[in-house]
Amino acid sequence: MRCRHLLCVGLGVLLLWGSGGAWATGSAWAQGMDRVVGTVLAQFEEARALAVDPRGRLYVADAGRSVVGIFEADGTRRDVLGGAGTRPGTFDTPSDIDPTNGQALLVADTYNGRIQRFSAEGQYLESLPVGQTGRRAAGEWTFQDGQGGASVQGDGRPIGVARDDEGAVFVLDSRNRQVWKWSDVGQAQAVVSGRGGRLQDPVALALGPDRRLYVADAGREAVLIYDAVGTFRRRVAGLAPAAVQALAVHRGRLWIVCPHRVLAWDRREGVVAEHTVDLGEPLVDVAAYQDRVYLLTETRLLRRPAW
């Protein structure tokens, strides 16, 4: 879900509100104060991604420490995975996570050029090289026992990862400007690439329940929609380019996370809500579970009531 420098000014409407919050539904904008900042649950050095599994367990990729922290819904730390390194089970700048269905965890290990998979108990299982490996354009899932160093590495820079209900894994590779897809039987293909200017500077990835891929592209100043085989469908309508930090899907709607606001976009209705957030530092990512919303900055994880 990661995104870094997609510049924008909002929704074509300049909203000069204070440090509170605002919301809007449909084309009728409404202003309201939201002074509920949230309860701080945890602190980090350089957090980059947040995810929640079906049980409400939280996962945070902390690139500053090269770890993934796992927390209960109340902020109790359950486990810490990784640490800086190249061996299996260690990371170099983890940038995204997907806890899938709660039975496995995928980690985009960016500067090691791979996706790592862990069990629900946090045990390292296998690695997937992203990009060229010296032997082929895209690798297969490979088990390592940690004795032979970092042989499972590609030249790609995975910054986004998502798994669908059929077991396919989608990976956003910022270096090669591609979205890779690995089927449930391990077959790899580049479903979206930079050829012909399709992707110029991709920075974030999300997967919808209908298997539509959402890619934020800073070079094209847009959020683009593709189907699961990589066919371009359209741009996300109703948006002027925004300083997007992440993309997420909640209850069928695309959440577009900007430094100080979150936009909710619906395929049929367009932008249906805008939530302004002032935490004293930019938002990095957002996740929701039941009646709670979790807000992530580079240094803090906060919980607040749902919008």
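**The largest pocket and the sheets around it**

Sorted by class, the residues that line the largest pocket comprise 21 nonpolar, 5 polar and 9 charged residues. The model in which this pocket appears is a predicted one, and the pocket itself has a volume of about 910 Å³. Its lining counts 35 residues, of which Val 52, Asp 98, Thr 100, Leu 207 and Val 249 are the closest to the centre. Several strands contribute to this lining, since β5 (47–52), β9, β13 (158–163), β17 (202–207), β21 (244–250) and β25 (283–289) each supply at least two of its residues.

Before the strands are followed further, the confidence of the prediction deserves attention. The mean pLDDT of the chain is 83, with 79% of the residues reaching 70 or more. Two stretches stand apart from this: over residues 3–35 the pLDDT stays under 50, although the model has 76 contacts beyond four places in sequence for them, and over residues 145–150 it likewise stays under 50, with 10 such contacts in the model. Where pLDDT is low, the predicted coordinates should not be read in detail, and the contacts of residues 3–35 and of residues 145–150 are therefore to be taken with that caution.

Strand β9, one of the contributors to the pocket lining, belongs to an open sheet of 4 strands, arranged in the order β9-β10-β11-β12 with antiparallel pairing. The edges of this sheet are β9 (94–98) and β12 (124–129), each of which pairs on one side only. On average, and with direction ignored, neighbouring strands here are turned by 20° against each other. The antiparallel pairing of β9 with β10 (residues 104–109) extends over 4 bridges, and within it Asp 98 has Leu 106 of β10 as its bridge partner. Asp 98 thus takes part in the pairing and is also among the residues closest to the centre of the largest pocket.

Strand β25, which also supplies at least two lining residues, lies in another open sheet of 4 strands, whose order is β4-β27-β26-β25 and whose pairing is antiparallel. Here the edge strands are β4 (39–43) and β25, each pairing on one side only, and neighbouring strands are turned by 20° against each other on average, direction ignored. Inside this sheet, β26 (residues 292–297) and β27 (residues 300–305) run antiparallel and are joined by 5 bridges, with Val 293 finding its bridge partner in Arg 304 of β27.

A further antiparallel pair is formed by β19 (residues 222–226) and β20 (residues 232–235), which 3 bridges join. In this pair Tyr 226 stands opposite Phe 232 of β20. The hairpin that the two strands make has 5 residues between them, and Gly 230 takes a positive phi near 95° in this hairpin.

Key
Residues numbered from 1 in each chain as written. Predicted model: local features only at pLDDT ≥ 70, side-chain atom pairs only at ≥ 80, totals over all residues. Heavy atoms only, no water. pLDDT = per-residue confidence, 0-100. Contact = heavy atoms within 4.5 Å. Pairing = 2+ DSSP bridges. Axes fitted to C-alpha atoms, helices over the stretch in contact; angles between N-to-C directions. 1 Å grid on protein atoms, 1.4 Å probe; cavity = no way out; pocket = protein on both sides within 12 Å on 5 of 7 lines; lining within 4 Å. Points joined across faces, edges and corners; volume = space filled by probe spheres on them. Nonpolar A, V, L, I, M, F, W, Y, C, P; charged D, E, K, R; others polar.
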